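Work through the exercises below with the sequence and the model open. Each task is followed by a solution in steps.

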Amino acid sequence: MTADLRTQVVIIGAGPAGMLLSHLLAADGVESIVLETRSQDYVASRIRAGILEQSTVDLLRSCGLGERLEREGDRHRGIYLQWPHERHHIDFVDLTGRSVWVYGQTEVQKDLIDARTAAGQQIHYEVAETNLHDIESVHPAVTFTDVDGRRRTVRADVVAGCDGSFGPSRDQVPQHASHRWERVYPYSWFGILADVAPSTDELIYAWHGDGFALHSMRSATVSRFYLQVPNGTESKDWSDERIWEALATRLGHGQDGWELTTAPITDKTVLPMRSFVQTPMRHGRLFLAGDAAHIVPPTGAKGLNLAVADVALLAPALVDLVHKDDDRLADSYSDTALRRVWRCTHFSWWMTTMLHHGQDPFDEQLQLSQLRWVTASKAGATGLAENYAGLPIGF
Ligand code: RFL
Ligand code: PHB
């Protein structure tokens, strides 16, 4: 196969994992080419996660991506956990000395695009038919059709599969060499964006007999909400009135004087929930990072943070491999990354099953008991705080 492009690392996917990887590699003098199926506008504007944990913020600051985050990000000490007639604050700073930031994935993505574009990063948007070749050799290749319809081949030393949950990379690992772990949940999240000042200073996670609700935010003038809905729900089944009514009930409008302010809704999306891990996260010269290797339900706010943590481990491993032919970090990448992946997989599953309403009255009593313990016991609260604010990279 004749290649018309040559680089050290070909990165499939221009989401946060792929873009941050190209940024960290460039800082250490490793050249990469990024391939992305979507347009730059689409990638920069899709609405996704909202919370950055401490180690994500530390990493973004340390690699020169913290400037706007410092200015516009909102540091939170903790979260509220509630169930009918009870609301409790869990203070991460008091419990662990760590905090979280409200700074949307959309903003992180924009900062990454700006930094990489300014640095002259080669990014091919709107590519099609991305295929991986020779990943078991030391010179793998990726073929794709570019935006002008030309068939291209890029040869590299390494392929980084940062192509999310629907990309082609993870399927390239032969079945006999990998294992997939999966849990599907019997409910979805209905995500709502509204042009309204948040009715709370920090996020509220609410257990309710009608189903879970979350009050999050994006800025002083934009709020983000989620409602637990049955799988198969369609946005069109939910009028704005129905949404505000459900949010008011589940979040406790009127209790102890707390009020939910309503306003025009600007976006409605239904998100299915699942836990998924593919092991190992490497096959030959293909390395998987972010959603390409694992998916968590959003209840623990871990998806984006895990993608960043993977890349923080992968970048130095690839630098050593490409520059020094030293494969020690590359060989340990999957095992090291998976320790954090499984911790976050457990935490996300635990938050999800503690807060979402099901059919079984016995489960309901267990959930309420767990919520009382987590909010009343320092040990319980510290466990939640440590996991939510995030364990150090390399944990
Ligand atoms: P991404 O962000 O999905 O980026 C992968 C990129 O790869 C591209 N791609 C390809 N490129 C080239 N060739 C191909 N054949 C390709 N196939 C795919 C895709 O277009 C995309 O640009 O994965 P990454 O970088 O690993 O980052 C992970 C995070 O984006 C993800 O964990 C979170 O956004 C998950 N997530 C949420 N996490 C939270 O913590 N809180 C949330 O509220 C939350 N909301 C969400 C989410 C994920 C969503 N998706 C994936 C459906 C809401 C949504 C809608
Ligand atoms: C969000 O703001 O989108 C968000 C916040 C916390 C979560 C999930 C999503 O657990």
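**Exercise 1. Polar contacts of ligand 2**

Task: Which protein atoms lie opposite the oxygen atoms of ligand 2 in the predicted model, and at what distances?

Solution.
Step 1. Start with the backbone. A polar backbone atom of Ala-301 is 3.4 Å from an oxygen atom of ligand 2. For Thr-299, a polar backbone atom is 3.3 Å from an oxygen atom of the ligand.
Step 2. Turn to side chains. An N or O atom in the side chain of Ser-216 is 2.6 Å from an oxygen atom of ligand 2.
Step 3. Apply the cut-off. A polar contact needs a pair of N or O atoms within 3.5 Å, and the values of 3.4 Å, 3.3 Å and 2.6 Å meet it.

**Exercise 2. The surroundings of ligand 2**

Task: How much of ligand 2 does the protein bury, and which parts of the chain form the shell?

Solution.
Step 1. Ligand 2 exposes 280 Å² when taken alone, and 98% of that is buried by the protein.
Step 2. Two strands, β16 (213-217) and β17 (223-230), are the elements that give two or more residues to this shell.
Step 3. Count the shell: 14 residues surround ligand 2, and the closest are Tyr-205, Ser-216, Arg-218, Tyr-226 and Pro-298.
Step 4. Sort by class: eight residues of the shell are nonpolar, three are polar and three are charged.
Step 5. Assign to domains: domain 1 and domain 2 each contribute at least three residues to the shell around ligand 2.

**Exercise 3. The two domains**

Task: Describe how the chain is divided and how the two parts meet.

Solution.
Step 1. Domain 1 consists of segments 5-74, 102-181 and 274-355, and domain 2 of segments 185-272 and 357-389.
Step 2. Taken over C-alpha atoms, the centres of the two domains are 29 Å apart. Domain 1 puts 26 residues into the contact and domain 2 puts in 23.
Step 3. About 2,200 Å² is buried between the domains, with 64% of this area coming from carbon and sulfur atoms.
Step 4. On the domain 1 side, Ile-47, Met-354 and Leu-355 supply 30% of the area that this domain buries against domain 2, more than any other three residues.

**Exercise 4. Ligand 1**

Task: Which residues are closest to ligand 1, and which of its atoms are in polar contact with Ala-17, Thr-37 and Asp-291?

Solution.
Step 1. Ligand 1 is surrounded by 29 residues, the closest being Glu-36, Arg-46, Arg-48, Gln-105 and Asp-291.
Step 2. Asp-291 has a side-chain N or O atom 2.7 Å from an oxygen atom of ligand 1. Ala-17 places a backbone N or O atom 2.9 Å from an oxygen atom of the ligand. At Thr-37, a polar backbone atom is 3.3 Å from a nitrogen atom of ligand 1.
Step 3. Alone, ligand 1 exposes 1,000 Å², of which the protein buries 85%.
Step 4. Helices α1 (16-27) and α8 (303-324) each supply at least two residues of the shell. The largest share, three residues, comes from α8.
Step 5. By class, the shell around ligand 1 holds 13 nonpolar, nine polar and seven charged residues.

**Exercise 5. Backbone details**

Task: Where is Pro-280 placed, and what is the phi of Glu-129?

Solution.
Step 1. Pro-280 sits in the loop between β18 (265-279) and β19 (282-283). The peptide bond from Thr-279 to Pro-280 is cis, with omega near -10°.
Step 2. Glu-129 belongs to strand β10 (residues 128-133). Although not a glycine, Glu-129 has a positive phi of about 45°.

Methods. Residues are numbered from 1 along each chain as its sequence is written. Chains are lettered from A and ligands numbered from 1 in the order in which they are written. This is a predicted model: local features need pLDDT of at least 70, side-chain atom pairs count only at pLDDT 80 or more; totals for chains, interfaces and linings use all residues. Side-chain values use heavy atoms; hydrogens and water are left out. A residue is near a molecule or strand if one of its heavy atoms lies within 4 Å of it. A polar contact is a pair of N or O atoms within 3.5 Å; within protein, one must be able to donate a hydrogen and the other to accept it, and residues adjacent in sequence count only if both atoms are side-chain atoms. Accessible areas come from the Shrake-Rupley method with a 1.4 Å probe; for residues, only the protein chains shown count as cover. Helices (H or I, at least four residues) and strands (E, at least two) are DSSP runs, numbered from the N terminus. Ala, Val, Leu, Ile, Met, Phe, Trp, Tyr, Cys and Pro count as nonpolar, Asp, Glu, Lys and Arg as charged, and the others, Gly among them, as polar. Domain bounds come from an automatic or database domain assignment. Contact means heavy atoms within 4.5 Å. Buried area is the accessible area (1.4 Å probe) that two parts lose on being put together, summed over both.
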